[in-house]
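This report looks at how parts of one protein chain are placed with respect to the solvent and to one another. Please keep the sequence and the model at hand while reading.

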Amino acid sequence: MELYDAIARRRDTRAEFTGPPSDEALTRVLEAANRAPSVGMSQPWVFVTVRDPARLRTFHDHVAAEREVFAASLADDPERAATFSRIKVEGIVEAGLGLVVGHDPTTAGERVLGRHAIADTGLYSVCLAIQNLWLAATAEGLGVGWVSFYREEVLADLVGFPGHVRPVAWLCVGEVAALPDAPDLERFGWRSRSPLVVHEESYAAPAAPSGQGAFAAAARNAVPPAG
């Protein structure tokens, strides 16, 4: 799969999982994650795989409770609440594999080249590893779903992270029947993707949509996955 095709086809997967990936495919996508750029070559990421059904169910139940918390916040907007009620926010049990990604700021000691002025560059590096993994998984025909309906302290305790390691993501990773042609939030009417907008020299300068680049052309021409 071409890079631009993988970018265009990547989806946040929820309802399409059919089971966990093979060990070989999982190793390949994790190796892709480990090749991500990182500030000062610190590689501040931590990966924990979760397969135990009881542990998956425990996290699923926690996410379901947090989903209800968010649903309650929409009580004053019935139309928005109705839209959200149709949106599935996780595929924890269906995927059969949870991949917890954490940020460990101690992997390269205290003096990390490039981190002295912006402490969050380590966190940014972890997000780059996740994006590498996601694109590699798409090229493999796998689905990935980033679950964000959780409390960090609950997830840290669930997988035994020490106090200095911050959980960044629970990723559902698995085989899928197919990847949706459009993101769920677009399909269910929650929000649509905005066109690319670029400001010249300053944010204060007028900005105009730009759709003539290589990515835009590849996205328009990408063939939807079969199924």
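Which residues of helix H7 (residues 152-159) are buried? In this predicted model, the buried residues of H7 are Leu155, Ala156, Leu158 and Val159. They lie on the same side of the helix, because the arc that they cover around the axis is only 160°. This agrees with a general property of helices: an α-helix has 3.6 residues a turn, so residues three or four places apart point the same way. Glu153 and Asp157, by contrast, are exposed on the other side of H7.

The buried residues of H7 pack against one helix and several strands, as listed below.

| Element packed against by the buried residues of H7 | Residues |
|---|---|
| Strand S2 | 45-50 |
| Helix H3 | 53-72 |
| Strand S3 | 98-103 |
| Strand S5 | 166-176 |

Just after H7, Gly160 adopts a positive phi of about 75°.

Strand S5 also pairs with strand S4, to which it runs antiparallel and is joined by six bridges. Within this pairing, Trp146 stands opposite Leu171 of S5. S4, which spans residues 142-147, is mostly covered, since five of its six residues are buried.

Is Thr18, a residue of strand S1 (residues 17-19), buried or exposed? Thr18 counts as exposed because its relative accessible area of 56% is over the 50% cut-off. Leaving aside residues up to four places away in sequence, Thr18 nevertheless touches Glu94, Glu175, Val176 and Ala177. Thr18 and Gly91, which are 73 residues apart in sequence, are 9.8 Å apart in space, C-alpha to C-alpha.

Notes: Residues are numbered from 1 along each chain as its sequence is written. This is a predicted model: local features need pLDDT of at least 70, side-chain atom pairs count only at pLDDT 80 or more; totals for chains, interfaces and linings use all residues. Side-chain values use heavy atoms; hydrogens and water are left out. Buried means under 20% relative accessible area, exposed over 50%, partly exposed in between (1.4 Å probe, protein chains only). Helices (H or I, at least four residues) and strands (E, at least two) are DSSP runs, numbered from the N terminus. The arc is that of the directions from the helix axis to the C-beta atoms. Contact means heavy atoms within 4.5 Å. Two strands pair if DSSP finds at least two bridges between them.
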